[in-house]
Amino acid sequence: MPKLGMEAIRRRQVMDAVIHILSTQGWRDLTIREVSDVAGISSGVVTHYFSNKRALTLDAINDAILQYVKALGKIEHRRGTVVDRLIALVEFVSQLSPPGIPDWRFWLGLLGRMPFDRVLQAEVQKVHRLYAEIVARLIEAGIEEREFHPDRMPEDIAVKFVAAAVGMYALMVADPQDMPPERCRRLLLDLLSQDLGVTVEVMPASRALLAT
């Protein structure tokens, strides 16, 4: 019998391998053999946990989405003012490889496949909807605290922000020298400042919070 907890370890190895392949090599190189090689386990072990390549891919995508939403949720509920938390979210998504989630190449690859696959389309809709809901809640909290003075609905501002951030991912991946994190952060903060009716910028106290 396998040791207690070994199944979870093996599944984690497989998930990490799939995400790594999709992030660095693309969908064409995603095969059971490649997954087994990257994970360092046999093909038989991979197929023991996942019946086929489709199941393997969908489980990995769902796992990545959970990581993404969990990371954003931690930012939403961290200590500090609502402005600090919103800035921390911008800081997070302005990095080419945000900690704790697959880098933007993975998500761009998913977007590229999405128009031709209804299941993937539903997954993309889910992650962007959850993303926008987190941003909207932060904006609503800022309105309640009289920090923000928008002239439109928080939900609309949030959707606009998410659309801009997703577009930024593509620019960061295509030309990282022209779109370094500092520039991406500034552009996203400028966008929020326009929509929230207040200057949203990284202050010294906010930088200390971002480092925690």
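This passage looks at the overall make-up of the chain and then at how helix α5 packs against two other helices.

The model is a predicted one. Its secondary structure is helical throughout the assigned elements: the chain has 10 helices and zero strands. Read from the N terminus, the order of elements is simply α-α-α-α-α-α-α-α-α-α. Along the principal axes, the C-alpha atoms take up a box of roughly 60 × 35 × 30 Å. The chain has 212 residues, and 43% of them count as buried. As for the surface, about 11,300 Å² is exposed, with carbon and sulfur atoms supplying 54% of that area. Contacts between residues far apart in sequence carry a good share of the total: of the contacts with a separation of 6 or more, 65% are between residues 24 or more positions apart.

Now to the helix pairs. Two packed helices are described by the angle between their axes and the distance between the axes. Take α4 (residues 53-76) and α5 (residues 82-93) to begin with: their axes come within 8 Å and cross at roughly 150°. Angles over 145 degrees count as roughly antiparallel, so α4 and α5 fall into that class. The crossing of α4 past α5 is right-handed. On the α4 side, the contact is made by A71, L72, I75 and E76, and these meet R85, A88, L89, F92 and V93 of α5. By residue type, this contact comprises seven nonpolar residues and two charged ones, with no polar residue among them.

Helix α5 also packs against α7 (residues 118-144), here at an angle of about 155° and with the axes 9 Å apart. The two helices are therefore roughly antiparallel to each other as well. The handedness of this crossing is left-handed. From α5, the residues that make the contact are V82, R85, L86, L89 and V93, while α7 brings in Y131, I134, V135, L138, A141 and G142. The tally for this contact is nine nonpolar residues, one polar and one charged.

Put side by side, the two contacts draw on some of the same α5 residues. R85, L89 and V93 of α5 take part in the contact with α4, and R85, L89 and V93 also take part in the contact with α7. A88 and F92 are listed on the α5 side of the α4 contact, whereas V82 and L86 are listed on the α5 side of the α7 contact. In short, α5 runs roughly antiparallel to α4 and roughly antiparallel to α7, with a right-handed crossing in the α4 pair and a left-handed one in the α7 pair.

Note on methods. Residues are numbered from 1 along each chain as its sequence is written. This is a predicted model: local features need pLDDT of at least 70, side-chain atom pairs count only at pLDDT 80 or more; totals for chains, interfaces and linings use all residues. Side-chain values use heavy atoms; hydrogens and water are left out. Axes are lines fitted to C-alpha atoms, for helices over the stretch in contact, and angles run from 0 to 180 degrees between N-to-C directions. Helices (H or I, at least four residues) and strands (E, at least two) are DSSP runs, numbered from the N terminus. Angles under 35 degrees count as roughly parallel, over 145 as roughly antiparallel, 65 to 115 as roughly perpendicular and the rest as oblique. A crossing is left-handed if the near helix is turned anticlockwise from the far one by less than a right angle, and right-handed if clockwise. Contact means heavy atoms within 4.5 Å. Ala, Val, Leu, Ile, Met, Phe, Trp, Tyr, Cys and Pro count as nonpolar, Asp, Glu, Lys and Arg as charged, and the others, Gly among them, as polar. Buried means under 20% relative accessible area, exposed over 50%, partly exposed in between (1.4 Å probe, protein chains only). Accessible areas come from the Shrake-Rupley method with a 1.4 Å probe; for residues, only the protein chains shown count as cover.
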